[in-house]
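Subject: Structure for you to look at, with notes

Dear colleague,

I am passing on the structure that we talked about, and my notes follow directly below it. Please keep it open beside this message while you read.

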Amino acid sequence: QVQLVESGGGLVQAGGSLRLSCVASGRTFRNYNMGWFRKAPGKEREFVAAISRSGDSTRYADSVKGRFTISRDNAKNTMYLQMNSLKPEDTAIYYCAATGLIISTVDRAYTYWGQGTEVTVSS
């Protein structure tokens, strides 16, 4: 079992950058594929990015390709989402998630979730 805590959200102007962190506690962080999802006001939760157990494979939503980078440091039990060139439409609560299954872009594949960190991008 793993517990997840996100941080790093905040208010940023369009074109700016933020780095989100997700710190995991539990015995086997390295055994989990990880993902970032977000929920914007009035919209359904959507996939953002995912990363494999070793960090050697990643997936991105088309809307963030070229702007966001997912990474992980298993020695620190931490996953990151570097967000560059932020747009107002990136405004959302961002959630960290973990799955013991294969890497996935589908939210229901994920077993464990953090509480979210809020990102607001102003125009």
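I begin with a contact between charged side chains, in which Asp-90 and Arg-67 meet in a salt bridge with N and O 2.7 Å apart. Asp-90 belongs to the loop between strand 8 and strand 9, while Arg-67 sits in the loop between strand 6 (58–60) and strand 7, so the pair ties together parts of the chain that lie 23 residues apart in sequence. Please bear in mind throughout that this is a predicted model, and that the values below are to be read in that light.

Are the two partners of this salt bridge buried or exposed? Asp-90 has a relative accessibility of 1% and therefore counts as buried, the cut-off being under 20%. Arg-67, with a relative accessible area of 11%, is buried by that rule too.

Salt bridges

The count of salt bridges comes to 5, and as general background, side chains of opposite charge can pair when their charged atoms come close. Another of them brings together the side chains of Arg-38 and Glu-46, with a distance of 2.7 Å from N to O. Here the two partners fall into separate classes, since Arg-38 is buried at 5% relative accessibility, whereas Glu-46, at 35%, is partly exposed. Arg-38 and Glu-46 are also linked with Arg-67 and Asp-90 in a network of salt bridges, which connects this contact with the one described at the start.

A further salt bridge is formed by Asp-62 and Lys-65, whose closest N and O atoms are 3.3 Å apart. Asp-62 has a relative accessibility of 65% and counts as exposed, because the limit for that class is over 50%.

The sheet around strand 8

Strand 8 has come up already as one boundary of the loop that holds Asp-90, and it also takes part in an open sheet of 4 strands, which are arranged in the order 1-3-8-7 with antiparallel pairing. Strand 1 (2–7) and strand 7 are the edge strands, each of them pairing on one side only, and neighbouring strands of the sheet are turned against each other by 15° on average, with direction ignored. As a general reminder, the strands of a sheet pair through backbone hydrogen bonds, in either a parallel or an antiparallel manner.

On one side, strand 8 pairs with strand 7 in the antiparallel sense over 6 bridges; among the bridge partners are Ile-70 with Leu-81 of strand 8 and Ser-71 with Tyr-80 of strand 8. Strand 3 is likewise joined to strand 8 by 6 bridges, and these two strands run antiparallel, with Cys-22 having Met-79 in strand 8 as its bridge partner. Of the 6 residues of strand 8, 5 are buried, so this strand is largely enclosed by the rest of the structure.

The disulfide

Which cysteines are joined by a disulfide? They are Cys-22 and Cys-96, with an S to S distance of 1.8 Å, and a search of the whole structure finds 1 disulfide. Cys-22 lies in strand 3 (residues 18–26) and Cys-96 in strand 9 (residues 92–99), so that distant parts of the chain, 74 residues apart, are linked by this pair. The link is left-handed, with -65° about the S-S bond, and both Cys-22 and Cys-96 are buried.

Two residues with positive phi

Most residues other than glycine have a negative phi, and two loop residues may be worth a look against that background. Asn-77 has a phi near 55°, a positive value in a residue other than glycine, and it lies in the loop between strand 7 (68–73) and strand 8 (78–83). These two strands form a hairpin with 4 residues between them, and Asn-77 is in the turn; with 25% relative accessibility, Asn-77 counts as partly exposed.

Ser-85, which is also not a glycine, has a positive phi near 50°. Ser-85 is found in the loop between strand 8 and strand 9, which is the loop that also holds Asp-90, and with a relative accessible area of 41% Ser-85 is partly exposed.

With kind regards

Notes. Residues numbered from 1 in each chain as written. Predicted model: local features only at pLDDT ≥ 70, side-chain atom pairs only at ≥ 80, totals over all residues. Heavy atoms only, no water. Disulfide = S-S within 2.5 Å. Buried < 20%, exposed > 50% of the residue type's maximum accessible area, 1.4 Å probe, protein only. Pairing = 2+ DSSP bridges. Axes fitted to C-alpha atoms, helices over the stretch in contact; angles between N-to-C directions. Salt bridge = Lys/Arg side-chain N within 4 Å of Asp/Glu carboxyl O.
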